[in-house]
Amino acid sequence: EQLLAAAGVDLDAPSLSSVGETKRSAGVTLILSVDYRANLLTRSADYSYLVNASRLEAKATFFGSFASTFGAVPNATREVFSLHGVQLIFEQSGGLTSFDFFTLLLTFVSGLALVSISKSITNTFLLYLAPRRNEYRLFLRSQTPDFAPANQAERRALADLVASKRRKRAICDGQPAAPEQSTEQTLVSPLAPLSEEPTAPLRAGSRAE
């Protein structure tokens, strides 16, 4: 009765598989699923039970043994047995959880390999097959300048490049771009400070040229 109540089965309700019969007459099949889960790391175990009603009938018909009353065939009889009721079918399933370092390592290495393969495929498409591959090549690799300039020309080129990079970054971030500085203002930069030569003091009556 508890299993029937758990499955929501009423034996006097009409049968779903046989027309004109109740479930008590046609029979009903209950599937009892037992699930077992264990974790070796936490040393815990769980059991769960699930009861479902199936559309299968629980009815069986078979013939009994042949019997003769007077030893003659016309008087022979045979009994027919019809069984119906509640049929129980048990299903068992389970799982065991444990930590395996080699499985973790294999999953990690496989993920790195898949990322590397996908990156290679994407770069190949962008560089050689995409319609705008010439524009993509400009943004795929970026070269950094020499941050240790050796002369005045290299200092000026480094300062101009840094200022241009900052303006582009500000435009990409949606910020107002800083105004372009002149060469003299650009050279006075924290990246490459220039040494200023001391000028001789002016004497009285002289003028600066």
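**A nonpolar patch and helix α3**

Me: How much accessible area do Leu41, Phe99, Phe101, Phe102, Leu104, Leu105, Phe108, Val109 and Leu112 have together as a nonpolar patch on the surface?

Reply: This is a predicted model, where local features need pLDDT of at least 70, side-chain atom pairs count only at pLDDT 80 or more, and totals for chains, interfaces and linings use all residues. Residues are numbered from 1 along each chain as its sequence is written, and side-chain values use heavy atoms, leaving out hydrogens and water. Patch members have over 30% relative accessible area (Shrake-Rupley, 1.4 Å probe, only the protein chains shown as cover) and no salt bridge (Lys or Arg side-chain nitrogen within 4 Å of an Asp or Glu carboxyl oxygen), and nonpolar side chains (Val, Leu, Ile, Met, Phe, Trp, Tyr) are joined within 5 Å, like charges within 9 Å. Together, the residues of this patch come to about 990 Å².

Me: Is Leu104 buried, partly exposed or exposed?

Reply: Leu104 sits in helix α3 (helices are DSSP runs of H or I, at least four residues; strands are E, at least two; both numbered from the N terminus). Buried means under 20% relative accessible area and exposed over 50%, with partly exposed in between. Because its value is 48%, Leu104 is partly exposed.

Me: Which residue's side chain makes a polar contact with the side chain of Thr29?

Reply: Thr29 lies in strand β1 (residues 28-39) and, at 0% relative accessibility, is buried. A polar contact pairs N or O atoms within 3.5 Å; within protein, one must be able to donate a hydrogen and the other to accept it, and sequence neighbours count only if both atoms are side-chain atoms. At 3.0 Å, the partner of Thr29 is Gln87.

Technical notes:
Buried < 20%, exposed > 50% of the residue type's maximum accessible area, 1.4 Å probe, protein only.
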